[in-house]
Amino acid sequence: MGKPRKPKTTPISIRLTDAERDELTGRAGSRTLSDYIRACLFGIAAKARNAKTPAPATRDLAHILARLGASDLGPSLRELAYAAKIGALPVTPEVEGAIKSSCDAIVELRAELIRATGLKEDRVP
């Protein structure tokens, strides 16, 4: 048979003021509030929580996603595509520059995503 199952737990909820919760969090230290409260009530020695640092790839992906979220790349490209579709896209130097800038940003984000995920870049002719 497989590993024995942990006993089923049921949640309990209490209302605390911000100050009370801050005090409990301070007392808990590196433990979760649940572990700390359980230890106080039942004298159970709870194990300390391991602080996890994100893997470099995770940090890189978070950075890329933050940059993507901060840009208006999607809406800008959508507007350009719509204008081109209806024939209302006058090709001015500003429009050409915006398209070039958007394309450069997409190429840069693609390269960063490939690096962050450890994939090998395929060169498309």
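L41 is part of helix 2, which covers residues 33-42. The model is predicted. The exercises start in this helix and then move out to the whole chain.

**Exercise 1.** Decide whether L41 is buried or exposed.

*Solution.* Take the relative accessibility of L41, which is 62%. Exposed means over 50%. L41 therefore counts as exposed.

**Exercise 2.** Find the nonpolar surface patch that includes L41.

*Solution.* Start from L41 and add I37, F42 and I44. These four residues form the patch on the surface. Together they have about 410 Å² of accessible area.

**Exercise 3.** Classify A39 as buried or exposed, and say where A39 lies.

*Solution.* First, place the residue: A39 is in helix 2. Next, read its relative accessible area, 17%. The cut-off for buried is under 20%. So A39 is buried.

**Exercise 4.** Describe the surroundings of A39.

*Solution.* Set aside the neighbours within four places in sequence. A39 then has contacts with R31 and I44. I44 is also one of the residues of the nonpolar patch. Now take A28, 11 residues from A39 in sequence. The C-alpha to C-alpha distance between A39 and A28 is 9.8 Å.

**Exercise 5.** Summarise the protein chain: its elements, burial, contacts and surface.

*Solution.* Count the elements: five helices and zero strands. Their order from the N terminus is α-α-α-α-α. Turn to burial: of the 125 residues, 11% are buried. For contacts, consider pairs at least 6 apart in sequence; 40% of these join residues at least 24 apart. Last, the accessible surface is about 11100 Å², with 59% belonging to carbon and sulfur atoms.

Note on methods: Residues are numbered from 1 along each chain as its sequence is written. This is a predicted model: local features need pLDDT of at least 70, side-chain atom pairs count only at pLDDT 80 or more; totals for chains, interfaces and linings use all residues. Side-chain values use heavy atoms; hydrogens and water are left out. Patches are made of residues with over 30% relative accessible area and no salt bridge: like charges are joined within 9 Å, nonpolar side chains (Val, Leu, Ile, Met, Phe, Trp, Tyr) within 5 Å. Accessible areas come from the Shrake-Rupley method with a 1.4 Å probe; for residues, only the protein chains shown count as cover. A salt bridge is a side-chain nitrogen of Lys or Arg within 4 Å of a carboxyl oxygen of Asp or Glu. Helices (H or I, at least four residues) and strands (E, at least two) are DSSP runs, numbered from the N terminus. Buried means under 20% relative accessible area, exposed over 50%, partly exposed in between (1.4 Å probe, protein chains only). Contact means heavy atoms within 4.5 Å.
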